[in-house]
Amino acid sequence: MGLILSVFIGLLLGLLGAGGSILTVPLFVYAVGMAPGMASYASLFVVGSTAFIGAIGYAEEKRVRPGIAVQFFIGSFLGVSLARRWLLPWIPNTVFQSESLVLTKDHLIMFSFSLLMIFAARSMIQTKQNSNNHRLIPPCCNEHTFSNH
């Protein structure tokens, strides 16, 4: 089942070009049965590898801005390193406990992840418009960049 769902995720990544961890973490947790912390580690590997392979084609088409890509790589690498090396180990396995509720690190990871998904969905749905009521076009692109794809 995990293999079938991962092919589906690969198809979505190929079509949309983004959203890997939003798809892979829940797949690993709910379809494969991984703990959320391990699922996020596995997702980093899968999404990073897939993004690298996908970027090769875009680079060959001269559709990658190397300076920006390197900046994002360095920033992402530093952020992941900080989170994995210092932040996650700092969070206790039991974050909160009362008579009727136990909030674990895994619960906190999935709750935070779900909030991220909600904010990402909201920002993707909202249309940002300028004062002339036209859709804003990213600085790397023009209105014809995406017309043939």
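## Order of the elements

Starting at the N terminus, the chain runs α-α-α-α-β-β-α. That makes five helices and two strands. Keep in mind that this is a predicted model.

## The chain as a whole

Of the 149 residues in the chain, 15% are buried. The chain exposes about 11700 Å², with 68% of that supplied by carbon and sulfur atoms.

How do contacts spread along the sequence? Take the contacts between residues at least 6 apart in sequence: 37% of them join residues at least 24 apart.

## Inside: the nonpolar core

In general, nonpolar side chains of soluble globular proteins tend to be buried together. Here, the largest nonpolar core is a set of seven residues: V25, F28, V29, A39, A42, M110 and F113. Three helices, α2 (20-32), α3 (36-60) and α5 (105-125), each bring at least two residues to this core. The largest share is from α2, which gives three residues.

V29 is a good one to click on. Leaving aside residues up to four places away in sequence, V29 touches M34, A35, P36, A39 and M110. Two of these partners, A39 and M110, are core members along with V29.

## Outside: a nonpolar patch

There's also a nonpolar patch on the surface, about 530 Å² in area, made by V70, F73, I74, F77 and L78. One of these residues, I74, lies in helix α4, which covers residues 66-90.

Is I74 buried, exposed or partly exposed? I74 counts as partly exposed because its relative accessibility is 46%, and that class sits between the buried limit of under 20% and the exposed limit of over 50%.

Definitions and conventions
Residues are numbered from 1 along each chain as its sequence is written. This is a predicted model: local features need pLDDT of at least 70, side-chain atom pairs count only at pLDDT 80 or more; totals for chains, interfaces and linings use all residues. Side-chain values use heavy atoms; hydrogens and water are left out. Patches are made of residues with over 30% relative accessible area and no salt bridge: like charges are joined within 9 Å, nonpolar side chains (Val, Leu, Ile, Met, Phe, Trp, Tyr) within 5 Å. Accessible areas come from the Shrake-Rupley method with a 1.4 Å probe; for residues, only the protein chains shown count as cover. A salt bridge is a side-chain nitrogen of Lys or Arg within 4 Å of a carboxyl oxygen of Asp or Glu. Helices (H or I, at least four residues) and strands (E, at least two) are DSSP runs, numbered from the N terminus. Buried means under 20% relative accessible area, exposed over 50%, partly exposed in between (1.4 Å probe, protein chains only). A nonpolar core is a set of buried Ala, Val, Leu, Ile, Met, Phe, Trp, Tyr and Cys residues joined through side-chain atoms within 4.5 Å. Contact means heavy atoms within 4.5 Å.
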